[in-house]
Amino acid sequence: EAKPEPAPAEEKPAGKTLEDMRALIKPLVTGGRGGEVKPIIEKYAATLAQMKPSDYAAFEKDIEALSY
């Protein structure tokens, strides 16, 4: 009789990673809007890499607001 496989480990709150955040801002930065992105990053941390994963969801909403 086969044993059920263990459930996958729980992801971080929103399941988002630093790489997800980098991918989110890349089109804006490469499109010449880095000056608009930087203040949003600085709202949460000195750099994107220093941002807390718990801030990713709010950061994502702020960035999406730029993507009009």
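What is the mean pLDDT of the chain, and what percentage of its residues reach 70 or more? In this predicted model, the mean pLDDT is 86, and 78% of the residues reach 70 or more. One stretch deserves some care from the reader: over residues 9–14 the pLDDT stays under 50. For residues 9–14 the model has one contact beyond four places in sequence.

We can turn next to the interior. The largest nonpolar core has 13 residues. Those that touch the most other members are Ile25, Val37, Ile41, Leu48, Met51, Phe59 and Ile63. Two elements give two or more residues to this core, namely helix 1 (18–44) and helix 2 (56–66). Of the elements, helix 1 gives the most, with six residues.

Phenylalanine 59 is a good residue to look at closely within this core. With a relative accessible area of 0%, phenylalanine 59 is buried, as the cut-off for that word is under 20%. Once its neighbours within four places in sequence are set aside, phenylalanine 59 is in contact with Met21, Ile25, Ile40, Ile41, Tyr44, Leu48 and Met51. Among these partners, Ile25, Ile41, Leu48 and Met51 also appear in the list of core residues that touch the most other members.

One of the contacts of phenylalanine 59 is also a meeting of two rings. The structure holds one aromatic pair, and its members are tyrosine 44 and phenylalanine 59. A pair of aromatic rings is described by the distance of the centres and the angle of the planes. Here the centres are 6.0 Å apart and there are 90° between the planes, an arrangement that is edge-to-face. Because tyrosine 44 lies in helix 1 and phenylalanine 59 in helix 2, the pair ties together parts that are 15 residues apart in sequence.

Charged side chains add another set of links. A search of the whole structure finds five salt bridges, and three of them are described here, beginning with lysine 16 and glutamate 60. In this salt bridge the closest N and O atoms are 3.5 Å apart. Lysine 16 lies in the segment before helix 1, while glutamate 60 lies in helix 2, so the pair ties together parts that are 44 residues apart in sequence. As for their surroundings, lysine 16 counts as partly exposed at 26% relative accessibility, whereas glutamate 60 is buried, with a relative accessible area of 17%. Not counting residues up to four places away in sequence, glutamate 60 touches Lys16 and Leu24.

Two further salt bridges have both of their partners in helix 1. In one, glutamate 19 pairs with arginine 22, and the closest N and O atoms are 2.8 Å apart. Glutamate 19 and arginine 22 are three residues apart, about one turn of the helix. Arginine 22 has 38% relative accessibility and counts as partly exposed.

The other joins lysine 38 to glutamate 42, with 3.8 Å between the closest N and O atoms. These partners are four residues apart, again about one turn of the helix. Lysine 38 counts as exposed, because its relative accessibility is 51% and the cut-off for exposed is over 50%. Glutamate 42, in turn, is partly exposed, with a relative accessible area of 44%.

Definitions and conventions
Residues are numbered from 1 along each chain as its sequence is written. This is a predicted model: local features need pLDDT of at least 70, side-chain atom pairs count only at pLDDT 80 or more; totals for chains, interfaces and linings use all residues. Side-chain values use heavy atoms; hydrogens and water are left out. A nonpolar core is a set of buried Ala, Val, Leu, Ile, Met, Phe, Trp, Tyr and Cys residues joined through side-chain atoms within 4.5 Å. Buried means under 20% relative accessible area, exposed over 50%, partly exposed in between (1.4 Å probe, protein chains only). Contact means heavy atoms within 4.5 Å. A salt bridge is a side-chain nitrogen of Lys or Arg within 4 Å of a carboxyl oxygen of Asp or Glu. pLDDT is the predictor's confidence in each residue, from 0 to 100. Rings of Phe, Tyr and Trp (its six-membered ring) pair if their centres lie within 6.5 Å; planes under 30 degrees apart count as stacked, over 60 as edge-to-face and the rest as tilted.
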